[in-house]
Amino acid sequence: MGTSVVRYESIGDRAPCWGVLRDASIFPVDLEMGSHREVMQHYFNDRSSFDAAVSQAPIPLADVTLCAPISSDVQLFCQGLNYADHRAEGGLDDGANGENLIFAKAPSSICGPTDDIVRPRGCELLDYEIELGIVLKSDVQSPQIVAESDLEHLIGGLVMANDVSSRDVQFGATALQWFKGKSYRTFCPMGPVLYLLDAGDLAQLYQLQLTLKLNGEVKQNATTDLLIHKPAATLSEISTFSDMRMGDCILTGTPGGVLLNIDLRTGLSILLNFTKDEKRRAKFVAAQLARTRFLQPGDVLELEIRSLDGNIDLGCQRNNIVEA
């Protein structure tokens, strides 16, 4: 089994610390580590020293505040429409035949697993997306053809993320503002756990259960065997146009059950028949609000990812929605 690493703050500490999570207790790691990249370097380059630095004096989980285990000096690559049911609710009916949609999300959107998600002023279509994040173990600086057997050398960790989205910004303009609509501050709760993989853990990569609840009601529930474009193909594709560093993260897409639901014909009509973005956005927002209620201040999101056999557990996020 791998190791569940957390970043946390205790009362009186000047800076977040790193520890290993075991049975609802944190065992501090006595090493100088400022970022998750340094944690991974220690873990994978000198495992015996890392293990020796783990304290035997536990801190109760209830006595600390958990921070995001992914630091902000990171590239966040994202996959869109990577589950067939989410493609359908996004207005596409091509099942698993669509192109691998890859975009970026600003690292300044990262926040902790219990931090508030701030709804920006003027945002009416705030939405959630539970996603499995894979964290790179090695640099990739040239085009590669990645096979499944290569993943153990390229993937070092797993992390849970919520790809929060302002749909009225994302889809309310001619240019389709994906980066802006997904990059507001607090729009990427991550953690609580950075699960560092050991030999054999990748056998569970396609047996992970993703569950998201809104105000206690299950909205998203799927397993990673349903991923359309799997990590090997995605790493191959990203390598054709971008360098990737050890510690960079790829969010692998969300399953069906988000609040957005686009009728393709109506959506295209809105995009094509209005020349002013203000009018287009108003029409799009009205059509979506007629379908469902989007996230409001006071709402609570709870997210979990764990393997079907229970050996891998990425913890639980619990975030409140608040107004800017």
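Burial is graded here by relative accessible area: buried is under 20%, exposed over 50% and partly exposed in between, with a 1.4 Å probe and protein chains only. The model is predicted, so local features need pLDDT of at least 70 and side-chain atom pairs pLDDT 80 or more, while totals for chains, interfaces and linings use all residues. Residues are numbered from 1 along each chain as its sequence is written, and side-chain values use heavy atoms, with hydrogens and water left out.

**View 1. Asp23 and Asn215, two loop residues with positive phi**. Most residues other than glycine have a negative phi, and most peptide bonds are trans. Asp23 is not a glycine, yet its phi is positive, about 50 degrees. Asp23 sits in the loop between β2 and β3 (25–28). Its relative accessible area is 77%, so Asp23 is exposed. Asn215 also has a positive phi of about 50 degrees without being a glycine. The loop between β15 and β16 holds Asn215. Asn215 is partly exposed, at 45% relative accessibility. Helices and strands are DSSP runs numbered from the N terminus (helices H or I, at least four residues; strands E, at least two).

**View 2. The cis peptide bond before Pro192**. The bond from Gly191 to Pro192 is cis, with omega near 15 degrees. Pro192 belongs to strand β14.

**View 3. Aromatic rings around Tyr43**. The whole structure holds six aromatic pairs. Tyr43 and Phe44 make one edge-to-face pair, 5.0 Å centre to centre with 85 degrees between the planes. Rings of Phe, Tyr and Trp (its six-membered ring) pair if their centres lie within 6.5 Å; planes under 30 degrees apart are stacked, over 60 edge-to-face and the rest tilted. Tyr43 also pairs edge-to-face with Phe50, with centres 5.2 Å apart and planes at 85 degrees. Tyr43 is buried, at 1% relative accessibility. Phe50 is buried too, at 2%. Phe44 is partly exposed, at 26%. Elsewhere, Phe103, Phe171, Trp178 and Phe284 form one aromatic cluster.

**View 4. Charges over rings**. Arg22 lies over the face of Phe27, 5.2 Å from the ring centre. Lys230 places its charged end over the ring of Tyr206, 5.6 Å from the centre. A charge counts as over a ring if NZ of Lys or CZ of Arg is within 6 Å of the ring centre and within 35 degrees of the ring normal.

**View 5. The buried face of helix α1 (residues 36–45)**. The buried residues of α1 are His36, Arg37, Val39, Met40 and Tyr43. Down the helix axis they fall within an arc of 155 degrees, so they line one face of α1. That arc is taken from the directions from the helix axis to the C-beta atoms. An α-helix has 3.6 residues a turn, so residues three or four places apart point the same way. The buried residues of α1 pack against β1 (3–9), β2 (17–22), α2 (47–52), β11, β12 and β14 (188–196). Contact means heavy atoms within 4.5 Å.

**View 6. Helix α7 (residues 231–239), largely enclosed**. Seven of the nine residues of α7 are buried, so the rest of the structure largely encloses the helix. They are Pro231, Ala232, Thr234, Leu235, Ser236, Ile238 and Ser239. Their cover includes β6 (76–80), β7 (101–105), β11 (130–136), α4 (151–154), β12 (155–162) and β17 (249–251).

**View 7. Thr224, in the loop between β16 and α7**. Thr224 is buried, at 0% relative accessibility. Beyond its neighbours within four places in sequence, Thr224 contacts Tyr83, Leu132, Leu205, Tyr206, Gln207, Leu208 and Leu210.

**View 8. An open sheet of five strands**. The order is β9-β19-β18-β15-β16, with mixed pairing. Two strands pair if DSSP finds at least two bridges between them. β9 (117–119) and β16 (217–223) stand at the edges with a single partner strand each, so one side of each has no neighbour in the sheet. From one strand to the next, the twist averages 20 degrees. Its axes are lines fitted to C-alpha atoms (for helices, over the stretch in contact), with angles from 0 to 180 degrees between N-to-C directions.

**View 9. Strand β18 (residues 300–307) and its antiparallel partners**. Seven bridges join β18 to β15 (residues 208–214). Thr211 has Glu304 as its bridge partner, and Leu208 stands opposite Ser307. Six bridges link β18 to β19 (residues 313–323). There, Leu303 stands opposite Gln317. The hairpin of β18 and β19 has five residues between the strands, and Gly310 takes a positive phi near 80 degrees.
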